[in-house]
Amino acid sequence: MKFFVDTADTDAIRDLNNLGMVDGVTTNPSLIMKSGRDIKEVTKEICDMIPGPVSAETVALDADGMIAEGRELAKIADNITIKVPLTWDGLKACKVLSGEGRMVNVTLCFSANQALLAAKAGATFISPFIGRLDDINLDGMELISDIREIYDNYGYETQILAASIRTVNHMTDAARIGADVATAPPDVIRKMASHPLTDKGLEGFLKDWEKTGQKILS
C-alpha cells in the first residue's frame, strides 16, 4: 500500500520523505489555509520535493470552472493530480481532465455507487472518507471493501485512496482490505511505529546494558 501524506506542511513532508515514507501528497483548501501560504507556491515546493502524485484541489462548483482551475493547477508541475469533488459537475470535469491525460483525484466519496461513477469517468484515484463515515456511526472500512470488490469485479484501474484517516487502526484495516493508497496526517504515520511493548522492551534492554558497564563507542 502506498502512503500519501495529507498535509501542506513542507517540513513534515520533508521529514517523512527522508525516511522513504512518502509516495505522494494530498492537500485541500483547509490544509492550504493552515499552511498560511499561497496555494501555487506551497504546491510547487511540495511537487519539487516529491516525485509522486501531489493532489491540488479545485474550488469551483461548476464543471467549466473546475476544468479551468484544474488546467491552471496542472501548470504547477507534471506530478499534479487535480482534485475534484464527487458531484455530477465533478464527474464531468473528471471526464474532460482525465481525457486530456491528466491525473484526477475524485474526493468526498461516501458510497460505492459514487466510486463506480468515478471509475467510469476515468478517475485516477477515488477518495472514500473513512473517518467522516465513522463519525456518523457508519463503517468506513465497509465502504473500502465494497469499492475493492466492485473494482476487482470489472477490472477498473482507478486506485482506491483511503482518506479521512484518523487512527493507526485505519491504516492497518485499509491495508488488509486492499486499498491501493492511504493518505494520512503526518502524526498518524509516525504513530504507526509506536507500541507500548516496544518501549517496555527497550527500557529493559537499556537497564541491563547499563549494568554491564560497557560502551559500544569508546
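So, let's start with Val-5 and its neighbour across the sheet: in strand E8, the bridge partner of Val-5 is Ala-184. Keep in mind that this is a predicted model. Now, Val-5 also has a partner in another strand, because in E2 it pairs up with Val-25.

Okay, let's zoom out a bit, to the strand that carries Val-5. Strand E1 covers residues 2–6, and four of those five residues are buried, so you can call E1 mostly covered. How many bridges link E1 to E8, and do the two run parallel or antiparallel? There are four of them, and E1 runs parallel with E8, which is residues 181–184. With E2, residues 24–26, there are three bridges, and that pairing is parallel too.

Here's a bit of background for anyone new to sheets. Side chains in a regular strand alternate between the two faces of the sheet.

Next, how do you get from E1 to E2? Helix H1, residues 10–18, is part of the story: E1, H1 and E2 make up a β-α-β unit, and it is right-handed.

Now look at the loop between E1 and H1, where you'll find Thr-7. Is Thr-7 buried or exposed? It's buried: its relative accessible area is 8%, and the cut-off for buried is under 20%, so Thr-7 qualifies. And who does Thr-7 touch? Leaving out residues up to four places away in sequence, the list is Ile-13, Val-25, Thr-26, Thr-27, Leu-31, Ile-46 and Pro-186. You've met Val-25 already, as the partner of Val-5 in E2.

For a sense of scale, try going from Thr-7 to Thr-212. They're 205 residues apart in sequence, and from C-alpha to C-alpha they're 45 Å apart in space.

Right, the whole chain. There are 11 helices and eight strands. The C-alpha trace spans about 70 × 40 × 30 Å along its principal axes. The chain has 218 residues, and 46% of them count as buried. If you take the contacts with a separation of 6 or more, 58% come from residues 24 or more positions apart.

What about the outside? The chain exposes about 11,700 Å², with carbon and sulfur atoms supplying 53% of that. On charge, I get 23 positive and 32 negative side chains, and the centres of the two sets are 2 Å apart.

If you want one thing to look at afterwards, go back to Val-5, with Ala-184 as its partner in E8 and Val-25 as its partner in E2.

How values were computed. Residues are numbered from 1 along each chain as its sequence is written. This is a predicted model: local features need pLDDT of at least 70, side-chain atom pairs count only at pLDDT 80 or more; totals for chains, interfaces and linings use all residues. Side-chain values use heavy atoms; hydrogens and water are left out. Helices (H or I, at least four residues) and strands (E, at least two) are DSSP runs, numbered from the N terminus. Buried means under 20% relative accessible area, exposed over 50%, partly exposed in between (1.4 Å probe, protein chains only). Contact means heavy atoms within 4.5 Å. Accessible areas come from the Shrake-Rupley method with a 1.4 Å probe; for residues, only the protein chains shown count as cover. Lys and Arg count as positive and Asp and Glu as negative; His and the chain ends are not counted. The place of a charge is taken as NZ of Lys, CZ of Arg, CG of Asp or CD of Glu. A crossover is right-handed if, with the strands pointing away from the viewer, the path from the first strand over the helix to the second runs clockwise.
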